[in-house]
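Let's take a walk through a protein model together. Have a look at the sequence and the structure, and then we'll pick out a few spots worth a visit.

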Amino acid sequence: FIAASLGIRDPYGATAEQVKEIRKAHLLLAAANAMQPGVFSLSSWDVVGALPVPKEAVKKWSSDGDHRWINRGAVDLMGANPDANGSVIGLPRAKALYGSLPDQLKDPESFASQLKTLLAARKKYRLAEAELLAAPESNERGVCFLVLRLPEKAGYAVTALNFGREPVRLNLDLGAIKGIPADDVRGRRVTEIISGQAAGEANDGRLLLRLPALTGKTLVIR
């Protein structure tokens with residue numbers, strides 16, 4: 001679905017640059033789920049970037065109408081058997097855009113390595129335990145906001161996701177959100193949690209953001 005949305009008509013023959021595009025959008029989808037309260041999970045197919053297998057190859061399993069089998073090809077998560085063509089029950093091996101987990105963890109730019117950083121930030125700021133306060137509307141069609149209250153009165157977190165194909169500049173008025181006293185955010189320091197770098201202050205209770213295309217950020221206001 002990501003490849004199709006990006007106009008990549010043949011992901012099986014994707015170039016290195018096209019794989020990077022797919023990975024970027026895939027990480028954005030992961031952030032959309034990870035940077036909010038509750039449980040986060042993803043599959044081994046996600047981790048290796050597995051593509052669908054031909055429907056004829058899973059006809060045995062999909063004869064009852066369950067065509068999800070095309071997304072359940074065999075994957076070698078740990079790179080233990082690179083020469084295998086399928087699983088022990090006969091599922092054909094899916095083409096993996098990202099490679100095995102051990103190989104990815106050697107590359108800081110890989111899907112798994114960037115996901116590791118994302119989940120470490122989620123754990124550090126206890127986003128899983130946070131309370132969702134609002135999902136404010138944005139003037140940009142491709143942008144979503146989530147505003148959270150961190151546990152134990154540790155401050156607030158704002159996740160901004162740009163699903164659009166162009167960079168955007170955003171202005172979010174935190175003081176207009178129910179449940180956030182203006183004095184709690186006015187002039188407070190802001191931190192971008194993935195990089196750990198300072199991102200200015202919430203001047204007058206407003207957050208000013210710049211988001212490249214297909215990018216997300218989570219900011220914490222202490």
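Is aspartate 173 buried, partly exposed or exposed? Keep in mind that this is a predicted model. With a relative accessible area of 26%, aspartate 173 is partly exposed, because buried means under 20% and exposed means over 50%.

## Around aspartate 173

You'll find aspartate 173 in strand 4, which covers residues 168–173. Its side chain reaches the backbone nitrogen of glycine 175, at 3.1 Å. If you skip the neighbours within four places in sequence, aspartate 173 is in contact with Gly205 and Arg206.

Now look for valine 19. Aspartate 173 and valine 19 are 154 residues apart in sequence, and from C-alpha to C-alpha they are 36 Å apart in space.

## The whole protein

Time to zoom out. The protein has seven helices and eight strands. Its C-alpha trace spans about 60 × 35 × 35 Å along the principal axes. There are 222 residues, and 41% of them count as buried.

How much of the contact network links residues far along the chain? Take the contacts with a separation of 6 or more: 62% of them are between residues 24 or more positions apart. As for the outside, the accessible surface comes to about 13,000 Å², and carbon and sulfur atoms account for 51% of that. On the charge side, you can count 30 positive and 24 negative side chains, and the centres of these two sets lie 2 Å apart.

## Glutamine 104

Next stop: glutamine 104, in helix 5 (residues 101–104). Is glutamine 104 buried or exposed? Glutamine 104 is buried, because its relative accessible area is 2% and the cut-off for buried is under 20%.

What does a polar atom of its side chain find there? The backbone oxygen of valine 47 lies 2.8 Å from a polar atom of the glutamine 104 side chain. Not counting residues up to four places away in sequence, glutamine 104 touches eight residues by name: Val47, Val48, Tyr98, Gly99, Ser110, Phe111, Ala112 and Ser113.

## A pair of rings

Two of those contacts of glutamine 104, Tyr98 and Phe111, come up again here. A search of the whole structure finds two aromatic pairs. In the pair of tyrosine 98 and phenylalanine 111, the ring centres are 5.0 Å apart and the planes sit at 15°, so the pair is stacked. Tyrosine 98 lies in the loop between helix 4 (59–62) and helix 5, while phenylalanine 111 lies in helix 6 (residues 111–124), so the pair ties together parts that are 13 residues apart in sequence.

Both partners are tucked away from the surface by the numbers. Tyrosine 98 is buried, with a relative accessible area of 13%, and phenylalanine 111 is buried too, with 1%.

## Threonine 218

Our last stop is threonine 218, which lies in strand 8 (residues 215–221). Which side chain does threonine 218 join through a polar contact? The partner is threonine 159, and the polar contact between the two side chains is 2.8 Å.

Threonine 218 counts as buried, because its relative accessibility is 3%. Leaving aside neighbours within four places in sequence, its contacts include Met35, Leu127, Ala157 and Val158. Thr159, Thr191, Glu192 and Ile193 are also among them.

Definitions and conventions
Residues are numbered from 1 along each chain as its sequence is written. This is a predicted model: local features need pLDDT of at least 70, side-chain atom pairs count only at pLDDT 80 or more; totals for chains, interfaces and linings use all residues. Side-chain values use heavy atoms; hydrogens and water are left out. Helices (H or I, at least four residues) and strands (E, at least two) are DSSP runs, numbered from the N terminus. Buried means under 20% relative accessible area, exposed over 50%, partly exposed in between (1.4 Å probe, protein chains only). Contact means heavy atoms within 4.5 Å. Accessible areas come from the Shrake-Rupley method with a 1.4 Å probe; for residues, only the protein chains shown count as cover. Lys and Arg count as positive and Asp and Glu as negative; His and the chain ends are not counted. The place of a charge is taken as NZ of Lys, CZ of Arg, CG of Asp or CD of Glu. A polar contact is a pair of N or O atoms within 3.5 Å; within protein, one must be able to donate a hydrogen and the other to accept it, and residues adjacent in sequence count only if both atoms are side-chain atoms. Rings of Phe, Tyr and Trp (its six-membered ring) pair if their centres lie within 6.5 Å; planes under 30 degrees apart count as stacked, over 60 as edge-to-face and the rest as tilted.
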